[in-house]
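Reader: Walk me through the empty spaces in this model, please. I'd like to know what stands behind each word you use.

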Amino acid sequence: MVDHFIMQMRPLFGEEEKKAICDYMDEDGFITEFKRTTQFEQMIADYTGARHCIVVNNGTISLTLAAMAVGVVAGDEVIVPNYTMIASPNAVKMFGAVPVFVDVERDTLCLDIELVKKAITPKTRAIMLVSANGRAPAAGIAAFEALAKEKGIALIEDSAQSLGSWFPDGRHVGRAGRVGSFSFSSPKIVSTGQGGALITDDDEIARRLRRLKDFGRSGGGNDIHDSIGFNFKFTELQACIGIEQMRKLPARVIRKKEIWKRYQEKLAGIDGVSVFPHDLALTAPWFIDVRVERREGLIDYLKQRNVGTRVMYPPITRQAAYDLPGDYPVAEDVGRRGLWLPSAVQLSDDEIDHVCEAIRDFYEGPKNR
Ligand SMILES: *Cc1c(COP(=O)(O)O)cnc(C)c1O
């Protein structure tokens with residue numbers, strides 16, 4: 001029996017995080033980024049296999065810095081999927097670059113490469129590939145790398161949802177781009193409340209990123225500035241939490257896969273709901289994403305049954321902030337029918353069963369609502 005409300009997502013912090021912060025407070029009082037932050041960066045570099053990791057204060061500014069570091073300037077076009085968190089386009093909008101929206105593949109919800117090819121103009125300076133929910137594009141990541149190379153433009157990866165997910169060629173998601181970006185906001189698989197990380201194998205890009213986040217300083221703590229930079233630094237308190245969260249990541253990856261598998265089995269055969277596919281050998285599903293019929297009715301019914309959900313992103317072009325014309329059948333379909341089911345890593349099997357039973361009752365129940 002489930003007698004409490006099941007939230008669609010909530011972060012999970014434990015005694016380890018609490019102790020790490022207390023230990024730090026007994027040792028040092030600067031709070032701003034230092035040794036703990038370096039350790040956290042090293043853990044992410046080791047986990048993903050990247051040569052460099054640079055953390056910043058969120059997974060939006062990380063994308064802004066990624067774009068600046070690869071040479072995108074105001075007026076340049078950046079190709080962005082029309083299905084994504086609004087941070088992806090806003091990150092380049094922030095300094096006057098122009099996001100150009102392209103529809104996504106039906107199953108992976110990643111950029112459709114054929115449409116990307118058509119959207120490239122002489123002004124295109126980068127492609128921002130978003131690995132939606134950990135998935136890689138079905139067209140293959142190599143096809144995107146080849147296209148970027150052929151056109152002389154940069155591939156940037158917004159892998160905010162993809163820590164713990166791999167490409168079929170064995171690289172961690174985020175490593176195919178010149179820069180890959182992660183987020184540690186509260187819904188993500190690993191959280192520091194707010195936070196972001198950039199990974200790259202390119203020494204020069206890494207150097208630029210470090211300067212951009214620290215006032216353009218030529219060295220730590222000095223006041224010699226040879227380039228324009230800002231302040232997007234991290235804090236040791238976040239790093240204390242991040243280090244403990246990274247230690248828990250391997251177990252979370254396993255649990256996310258189990259959760260998805262259980263949902264998929266329990267929802268099988270229900271007319272009206274289909275689970276987006278995942279290859280569990282590669283991806284750790286961050287959120288349980290499904291296409292549903294009669295979405296608004298289902299959301300209300302599930303709420304009565306103590307189940308929280310969240311509608312998936314509507315097309316960015318339909319947001320009042322953009323309000324652009326254009327035909328984006330896949331993104332529009334997701335905007336109408338896409339729904340996220342409870343997906344927190346601490347979800348119990350009983351809770352998953354309760355959610356699936358409630359969904360079955362909605363579509364097949366005696367009253368057939
Ligand atoms: C979460 C997310 C972001 C934004 O990250 P923040 O840390 O919240 O700024 C960007 N892109 C995608 C795809 C995301 O899921």
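Author: Let's start with the word pocket. On a 1 Å grid over the protein atoms alone, a pocket is an open set of points with protein on both sides within 12 Å along at least five of seven lines, while a cavity is a set where a 1.4 Å probe fits but cannot get out; lining residues have an atom within 4 Å of a point. By that count, 23 residues line the second largest pocket, and Met-85, Ala-87, Ser-183, Ser-185 and Lys-188 lie nearest its centre. The model is predicted, so local features need pLDDT of at least 70 and side-chain atom pairs count only at pLDDT 80 or more, though totals for chains, interfaces and linings use all residues. Residues are numbered from 1 along each chain as its sequence is written, and side-chain values use heavy atoms, with hydrogens and water left out.

Reader: How do you know where the second largest pocket lies relative to domain 1 (15–243) and domain 2 (249–364)?

Author: Both domains, whose bounds come from an automatic or database assignment, give residues to its lining, so the pocket lies between them. Its volume, the space filled by probe spheres set on grid points joined across faces, edges and corners, is about 310 Å³.

Reader: What makes a residue one of those around the ligand?

Author: One of its heavy atoms has to lie within 4 Å. There are 16 such residues, and Gly-59, Thr-60, Asp-158, Ser-183 and Lys-188 come nearest.

Reader: Which distance makes the Asp-158 pair a polar contact?

Author: The cut-off for a pair of N or O atoms is 3.5 Å. A ligand nitrogen is 2.7 Å from an N or O atom in the Asp-158 side chain, so the pair qualifies. For ligand oxygen atoms, the distance is 2.9 Å to a polar side-chain atom of Gln-161 and 3.1 Å to one of Lys-188. On its own the ligand has 380 Å² of accessible area (Shrake-Rupley method, 1.4 Å probe), and the protein covers 92% of that.

Reader: How many cavities of 30 Å³ or more are there?

Author: Two. The largest cavity holds about 80 Å³, and Arg-10, Lys-188, Ile-189, Arg-252 and Val-345 lie nearest its centre, out of 16 lining residues. Each of the two domains supplies at least three residues to that lining. The second largest cavity has about 40 Å³, and its lining includes Gln-161, Ser-183, Lys-188 and Trp-286.

Reader: And what is the volume of the largest pocket?

Author: About 430 Å³. Its 17 lining residues include Glu-33, Asp-214 and Lys-233, which are among those nearest its centre.

Key. A polar contact is a pair of N or O atoms within 3.5 Å; within protein, one must be able to donate a hydrogen and the other to accept it, and residues adjacent in sequence count only if both atoms are side-chain atoms.
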